[in-house]
Amino acid sequence: MNKDNILRHDTVAMDETTGELVIIDQTRLPGETVFLRLSRPEDIHEAIYLLRVRGAPAIGVAAAIGIYAACRDLPEGDRAAFTDEFFKIRDYLASARPTAVNLTWALNRMAQVVEAHPASTVSELKALLRREALTIRDEDIQVCRALGEYGLTLIRDGDGILTHCNAGQLATVRYGTALAPVHVGREQGMQFRVFTDETRPLLQGARLSAFELAADGVDTTLICDNMASAVMKQGWVQAVFVGCDRVAANGDTANKIGTSGVAILAKHYGIPFYVCAPLSTIDMRCPDGSAICIEERPAHEVTELWYQQRMAPENIRVYNPAFDVTDAELITAFVTEKGVIRPPFGPAFRALFE
């Protein structure tokens, strides 16, 4: 496939004929575009854990389609056996990435289908699960489009925007979250200058955000993570947009490691810091950031993943958290599919869900 056409393909999809989960293997980007077709629970779990599919919304959609794909060929005679196997697969897939709330949110939505239809046959359950998975996919597209529209009200044509990690189309089915305002603005003929943090150690900004922005014709400048302050000081950034993997009830937000540092810099320079958050990422059962489980990744991602030769001493101790928590007080506003939410976030969130 021509790399320029990356945005013409949904990041996560269902093969309508076979029922398989179809994803773009993001570990192969930007060098080559490879589509994976998955239906075995082990392959779906690996794809989520190894970041072949990543980004909270995309993980959720992949889990929903994936659990349907994994259960599609289970025997149809014994409903109790089917239900038992379904919940084993759900728990197994949920263990792949503990921080992204969309993963368990989507799997629990699929589980509710099974629980809500105790009299349905296995064949009927499979049809219901298929419908729910496609509904979750369609909702993601609608939500991201709405995020783009609301986010666009916060910026002007020609503005400079800084983003961290990848919260674009490659992190969702279409449009993205943090990059949705950019993509929607492009559809309307607007132009932005986007500064993209490379996002160590997995380089999602360099490999993914820069790739999809360039494919969309956006004026894109890639910077190392430690260059954000210099860019802000020059006056080149009018807004920061980031995504999120889990938002606590008070507004504390877990996102890709390095996000909290960007928020601190934005506060220092007086630049608005916006978190684009589908309601599915807001966890009202989590009181604050201290209750968010932070995934730790293998040491080799820091010491050797992107190098021809190991670049750190053997046996050096490595701390490699996948996420950090940005305090609510550093966040200017949340952009949701229901509109822009400003402080105090706790009461605003409660009103949304009530």
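This briefing describes the sheets, packed helices, cavities and pockets of the structure above. The structure is a predicted model, and the values below are computed from it. Two open sheets are described, one built from 7 strands and the other from 4 strands. A search of the whole structure also finds 2 cavities of 30 Å³ or more, while the largest pocket holds about 380 Å³ of space.

**The sheet of 7 strands**

- The strands of this open sheet follow the order S6-S5-S4-S7-S10-S13-S14, and the pairing among them is mixed.
- Strands S6 and S14 (339-341) stand at the edges with a single partner strand each, so one side of S6 and one side of S14 are left without a neighbour in the sheet.
- On average, and with direction ignored, neighbouring strands of this sheet are turned by 25 degrees against each other.
- Strand S5, which covers residues 193-197, pairs with strand S6, residues 219-223, in the parallel sense over 5 bridges, and within this pairing Phe-195 has Thr-221 of S6 as its bridge partner.
- Strand S7 (residues 239-242) is joined to strand S10 (residues 273-276) over 3 bridges, again in the parallel sense, with Phe-241 standing opposite Tyr-274 in S10.

**Helices on the sheet of 7 strands**

- Helix H5 (residues 122-152) packs on this sheet, where it touches S7, strand S13 (333-336) and S14, and the direction of H5 makes about 140 degrees with that of S13.
- Helix H7, made up of residues 204-215, joins with S5 and S6 in a right-handed β-α-β unit.
- H7 lies across both S5 and S6, and its direction runs at about 165 degrees to S5.

**The sheet of 4 strands**

- The strand order in this open sheet is S11-S8-S9-S12, and here too the pairing is mixed.
- The edge positions are taken by S11 and strand S12 (323-326), each of which has a single partner strand, so one side of each is left without a neighbour in the sheet.
- Strand S8 (residues 246-248) and S11 run parallel and are joined by 2 bridges; in this pairing, the bridge partner of Ala-248 is Asp-283 in S11.

**Cavities**

- The largest cavity has a volume of about 190 Å³, and of the 21 residues in its lining, Arg-54, Gly-55, Ala-56, Asn-166 and Asp-245 are the closest to the centre.
- Helix H2 (56-71) and strand S9 (253-256) each supply at least two residues of the lining of the largest cavity, and H2 gives the most, with 3 residues.
- By class, the lining of the largest cavity divides into 11 nonpolar, 6 polar and 4 charged residues.
- The second largest cavity has a volume of about 50 Å³, and its lining residues include Thr-199, Arg-200, Pro-201 and Leu-202, together with Lys-256, Arg-297, Glu-301 and Asn-320.
- The lining of the second largest cavity divides into 5 nonpolar, 3 polar and 4 charged residues.

**Pockets**

- The largest pocket, with about 380 Å³ of space, is lined by 20 residues, and those nearest its centre are Trp-105, Pro-278, Leu-279, Ser-280 and Glu-337.
- Two or more residues of this lining come from each of H2, helix H4 (101-116), H5 and strand S11 (282-283), with H5 giving the most, at 4 residues.
- The lining of the largest pocket has 11 nonpolar, 3 polar and 6 charged residues.
- About 290 Å³ of space lies in the second largest pocket, whose lining of 16 residues has Thr-27, Leu-50, Leu-202, Glu-301 and Leu-305 nearest its centre.
- The elements that give two or more residues to the lining of the second largest pocket are H7 and helix H10 (300-303), and by class this lining has 8 nonpolar, 3 polar and 5 charged residues.

**Elements and residues that recur**

- H2 supplies residues to the lining of the largest cavity and also to that of the largest pocket.
- H5, which packs on the sheet of 7 strands, gives the most to the lining of the largest pocket.
- H7, part of the β-α-β unit with S5 and S6, is among the elements that contribute to the lining of the second largest pocket.
- S11, an edge strand of the sheet of 4 strands, contributes to the lining of the largest pocket.
- Leu-202 and Glu-301 line the second largest cavity and also lie among the residues nearest the centre of the second largest pocket.

Terms used. Residues numbered from 1 in each chain as written. Predicted model: local features only at pLDDT ≥ 70, side-chain atom pairs only at ≥ 80, totals over all residues. Heavy atoms only, no water. 1 Å grid on protein atoms, 1.4 Å probe; cavity = no way out; pocket = protein on both sides within 12 Å on 5 of 7 lines; lining within 4 Å. Points joined across faces, edges and corners; volume = space filled by probe spheres on them. Nonpolar A, V, L, I, M, F, W, Y, C, P; charged D, E, K, R; others polar. Pairing = 2+ DSSP bridges. Right-handed = clockwise from strand over helix to strand, strands pointing away. Axes fitted to C-alpha atoms, helices over the stretch in contact; angles between N-to-C directions. Contact = heavy atoms within 4.5 Å.
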